[in-house]
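Reader: I am new to reading structures. Please take me through the charged side chains and their pairings, and then through what lies around them.

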Amino acid sequence: MASSVVRATVRAVSKRKIQATRAALTLTPSAVHKIKELLKDKPDHVGVKVGVRTRGCNGLSYTLDYTKSKGNSDEEVIQDGVRVFIEKKAQLTLLGTEMDYVEDKLSSEFVFNNPNIKGTCGCGESFNI
């Protein structure tokens with residue numbers, strides 16, 4: 001059974017040019033470092049799985065879980081030695097998205113900078129496309 005990694009928020013990114021890339025999702029160096037750090041204590045897990053769930057006041061919310069294997073319909077992104085799997089339901093919502101890890105005095109979280117989002121809720125946990 002998969003266990004949850006940490007909380008994640010989403011940001012709508014406007015006026016950002018989508019860069020052509022073979023990967024459905026790109027990771028910042030901060031996100032790569034944090035995922036490596038999280039997986040260091042979980043040798044039986046091969047990566048992190050990103051999914052999307054219907055919830056929140058704006059419709060959809062991203063989920064992050066540890067995973068031991070790639071699902072049949074998962075998209076796999078490998079960057080700097082980190083493996084991120086994207087569930088089929090989340091694949092279209094993530095095209096052109098940058099996954100970042102942000103830490104400040106009060107919180108630390110993965111942030112999805114997504115140019116496809118049309119709106120988000122006030123807290124940033126849910127979005128619509």
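Author: Here is a walk through the salt bridges, followed by a few other local details.

Keep in mind that this is a predicted model. First, the setting. The chain has two helices and 10 strands. From the N terminus on, the order is β-β-α-β-β-β-β-α-β-β-β-β. Of its 129 residues, 47% count as buried. The accessible surface comes to about 7,500 Å², and 49% of that belongs to carbon and sulfur atoms.

Now the charges. How many salt bridges are there? The count comes to five. Three of these pairs deserve a close look, and they are taken in turn.

Start in helix H1, residues 29-40. Glutamate 37 and lysine 34 form a salt bridge, with their closest N and O atoms 3.2 Å apart. Why do these two sit about one helical turn from each other? They are three residues apart in helix H1, so about one helical turn separates them. Are the partners buried or exposed? Glutamate 37 has 36% relative accessibility, so it counts as partly exposed. Lysine 34 has 15%, so it counts as buried. The cut-off for buried is under 20%.

Next comes a bridge between lysine 68 and aspartate 44, where the closest N and O atoms are 3.4 Å apart. This pair links distant parts of the chain, with the two positions 24 residues apart in numbering. Lysine 68 is in the loop between strand S4 (60-67) and S5. Aspartate 44 is in the loop between H1 and strand S3 (47-54). Lysine 68 is partly exposed at 48% relative accessibility. Aspartate 44 is partly exposed too, at 45%.

The third bridge joins arginine 83 and glutamate 76, at 2.6 Å from N to O. Arginine 83 is partly exposed, with a relative accessible area of 29%. Glutamate 76 is also partly exposed, at 26%.

Arginine 83 falls within the numbering of strand S6 (82-86), and glutamate 76 within that of strand S5 (75-79). Aspartate 80 lies in the loop between these two strands. Its phi is near 50°, a positive value in a residue other than glycine. Why does that stand out? Most residues other than glycine have a negative phi. Aspartate 80 has 52% relative accessibility, so it counts as exposed. The cut-off for exposed is over 50%.

Move on to helix H2, residues 88-94, which holds glutamine 91. A polar atom of the glutamine 91 side chain lies 3.2 Å from the backbone oxygen of isoleucine 86. Beyond its neighbours within four places in sequence, glutamine 91 is in contact with Ser73, Asp74, Glu75 and Ile86.

One more charge remains. Lysine 42 lies over the face of tyrosine 66, at 4.9 Å from the ring centre.

That brings us to rings. The structure holds two aromatic pairs. One of them is tyrosine 62 with phenylalanine 112: the ring centres are 4.5 Å apart and the planes meet at 35°, so the pair is tilted. This pair also links distant parts of the chain, 50 residues apart. Tyrosine 62 is in strand S4, and phenylalanine 112 is in strand S8, residues 108-114. Tyrosine 62 is buried at 4% relative accessibility. Phenylalanine 112 is buried at 0%.

Finally, step back to the whole chain. Among contacts between residues at least 6 apart in sequence, 61% join residues at least 24 apart.

Key
Residues are numbered from 1 along each chain as its sequence is written. This is a predicted model: local features need pLDDT of at least 70, side-chain atom pairs count only at pLDDT 80 or more; totals for chains, interfaces and linings use all residues. Side-chain values use heavy atoms; hydrogens and water are left out. Helices (H or I, at least four residues) and strands (E, at least two) are DSSP runs, numbered from the N terminus. A polar contact is a pair of N or O atoms within 3.5 Å; within protein, one must be able to donate a hydrogen and the other to accept it, and residues adjacent in sequence count only if both atoms are side-chain atoms. Contact means heavy atoms within 4.5 Å. Buried means under 20% relative accessible area, exposed over 50%, partly exposed in between (1.4 Å probe, protein chains only). A salt bridge is a side-chain nitrogen of Lys or Arg within 4 Å of a carboxyl oxygen of Asp or Glu. Accessible areas come from the Shrake-Rupley method with a 1.4 Å probe; for residues, only the protein chains shown count as cover. Rings of Phe, Tyr and Trp (its six-membered ring) pair if their centres lie within 6.5 Å; planes under 30 degrees apart count as stacked, over 60 as edge-to-face and the rest as tilted. A charge sits over a ring if NZ of Lys or CZ of Arg is within 6 Å of the ring centre and within 35 degrees of the ring normal.
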